[in-house]
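This report walks through one protein chain, from its overall make-up to selected side-chain pairs. Please keep the structure in view while reading.

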Amino acid sequence: MMRSLRVRLLLLLGAEIIVAAVIQFATSYGAARHEANKLFDYHMQQMASALQDSDFQEWDWYRHGVGNDDAYDFAIQVWDENGNKRYQSSVAHFPPKQEGPGFSTVALADGDWRVYALMAHGRTIQVAQNMEVRRDRATSLALKTLSPTIPTSLLLLLATWGVVSAALSPLKRIGEDLTNRDVGSLAPVSERGVPTEVSGLTSELNSLLTRLSHALESQQRFVADAAHELRSPLTALRLQVQTLMRAKDEETRMQGAQRLLGGIDRASRLVEQLLNLARQDPPLQSGVVKRVDIPACLELAAGDAARFALVKNIEIQYEGVRDMEVVGDAEGWQIMLRNLLDNAVRYTPENGTVRVTLQAEGNMGVVTIEDSGPGIGEQDRQRVFDRFYRVPGSPPGGSGLGLAIVKAIAGRHGASVTLDRSDLGGLLVRIRFGVYAGSRAIGAAGQQAS
């Protein structure tokens, strides 16, 4: 398979030049043959007219019939009024006498003959010419017309080589630019001099390089954050293990083991949140997009949070529609809603309330999660979406990644997340998103789980 665009263009353009030369030759040959036929027919008429007053003697036949059979382009024959042949220009094979005056074409053993007959003074004068002679003359004229085309075609091929090379030079420059780059260079390629037909390719290439640059930055930031945040819990686990090894009685060992298990749980949660954040980061995410049932996702998230709510005797209430769908990543929606409900339960004191509302507003859907906890001050409501940021005075055990994950997932689905104060006294989280056009919003009475 031919992969060189330069060679392919040169072959195609060269083939077009050759085809054009062939067409020119065929056209020239046809025109030359037509003109040769007109010219030779005229000569035959003039020759016959010039001979109509000649006095042909019988001895002329024999004198002109000696040798040189191929020396005459025109063959002349004369018959008298009795049908006796009075003259012929050579002893070669000639067409028979024609029935009437005018032009005709006769097929003989040596080819087709063009014949012109003229009746004058009781005699029939017949001038004939082999059509092969006309074809040879036409071919000669066409070749003479074609002869300048050969060097012109060669010059066109050279010019085509230069034009193709110049047209492909931007692609060559882009290729050399990418070849000479190091692994970490993701700067956009220059679009200087790039033709319109290639500008779309370079634009998409630069867009890809930009996305790769963002993905690399996100990956580097994630690795740095993960290394920084894992260092402290790992150090704490090491100290707890050392303390456990130095324990001298069973009670001290049990306390050390419980603290070690708690540290392991916190480290496990941190690792899980880091992995969730990495999977939901837009430059790196490649989840399956499909129709997502939002009430079902809320039900699963509430089920995960229910066991923690039971321990603290927290009531989880639900109000709103039972049927609403969006187009997106089901796993991402479940993680986002589970994080919000987990935060609501975690920061709500015992015997408190968490309320979940799902409503339709035109072609938009709104999920609202409220709690009766301490809430978040207005000065911290934007910062809590940053990675590893925790509100001062928050209880231990959190990773500071929950709302960062929520923001990443919401941004990937074109949803907005806002924070406000709830009527319950705590935090209100509102998510607005586009609803799938074919979904229905069916009203539901309030439900609760505790």
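## A cut-off to start with

Buried means under 20% relative accessible area, exposed means over 50%, and partly exposed lies in between. R291 has a relative accessible area of 48%, so it is partly exposed. The model is predicted.

## Overall make-up

The chain has 450 residues, and 37% of them count as buried. It holds 9 helices and 13 strands. Its accessible surface comes to about 26000 Å². Carbon and sulfur atoms account for 56% of that surface.

Contacts often span long stretches of sequence. Among those between residues at least 6 apart, 67% join residues at least 24 apart.

## Confidence

The mean pLDDT of the chain is 77. A value of 70 or more is reached by 79% of the residues. Confidence is highest in strand β10 (residues 364–371), at a mean of 92. It is lowest in helix α2 (residues 58–64), at a mean of 44.

Residues 58–72 stay under 50 in pLDDT. The model gives that stretch 16 contacts beyond four places in sequence. Residues 441–450 are also below 50. This second stretch has 29 contacts in the model beyond near neighbours in sequence. Where pLDDT is low, the predicted coordinates should not be read in detail.

## Salt bridges within helices

How many salt bridges does a search of the whole structure find? The search finds 9. One of them pairs R135 with E132, with the closest N and O atoms 2.9 Å apart. Both residues sit in helix α3 (residues 131–146). They are 3 residues apart, so about one helical turn separates them. R135 is partly exposed, at 24% relative accessible area. E132 is partly exposed too, at 39%.

Helix α8 (residues 330–347) holds R346 and D342. These two form a salt bridge, with 3.3 Å between the closest N and O atoms. Their spacing is 4 residues, about one turn of the helix. An α-helix has 3.6 residues a turn, so residues three or four places apart point the same way. R346 is partly exposed at 31% relative accessibility. D342 is buried, with a relative accessible area of 12%. Elsewhere, salt bridges that share partners join D41, R114 and R134 into one network.

## A salt bridge between strands

E325 and R291 form a salt bridge through their side chains, at 2.9 Å from N to O. This pair links distant parts of the chain. E325 lies in strand β8 (residues 325–328), and R291 lies in strand β6 (residues 290–293). In sequence they are 34 residues apart.

Are the partners buried or partly exposed? E325 is buried, because its relative accessible area of 16% is under the 20% limit. R291, at 48%, is partly exposed.

## A buried glutamine

Q126 belongs to strand β5 (residues 123–130). It is buried, at 0% relative accessibility. Which backbone oxygen lies 3.2 Å from a polar atom of the Q126 side chain? That oxygen belongs to P96.

P96 is also among the contacts of Q126 outside its neighbours within four places in sequence. Others in that list include P95, K97 and Q98. A75, I76, Q77 and W79 are in contact with Q126 as well. So are V115, Y116 and A117.

## A covered helix

Helix α9 (residues 402–412) is mostly covered, with 8 of its 11 residues buried. The buried residues are G402, L403, A404, I405, V406, A408, I409 and A410. G414 follows α9 and has a positive phi, near 70°.

## A nonpolar surface patch

L5, L9, L13, L171 and L201 form a nonpolar patch on the surface. Together they have about 380 Å² of accessible area. Helix α1 (residues 5–51) gives the most to the patch, with 3 residues.

L13 is found in helix α1. Its relative accessibility is 31%, so L13 counts as partly exposed.

Note on methods. Residues numbered from 1 in each chain as written. Predicted model: local features only at pLDDT ≥ 70, side-chain atom pairs only at ≥ 80, totals over all residues. Heavy atoms only, no water. Salt bridge = Lys/Arg side-chain N within 4 Å of Asp/Glu carboxyl O. Helix = DSSP H or I, 4+ residues; strand = E, 2+ residues; numbered from the N terminus. Buried < 20%, exposed > 50% of the residue type's maximum accessible area, 1.4 Å probe, protein only. Polar contact = N/O pair within 3.5 Å; in protein donor to acceptor, adjacent residues only side chain to side chain. Contact = heavy atoms within 4.5 Å. pLDDT = per-residue confidence, 0-100. Patch = residues over 30% accessible without salt bridge, like charges linked within 9 Å, V, L, I, M, F, W, Y side chains within 5 Å. Areas by Shrake-Rupley, 256 points an atom, 1.4 Å probe, with all protein chains shown as cover.
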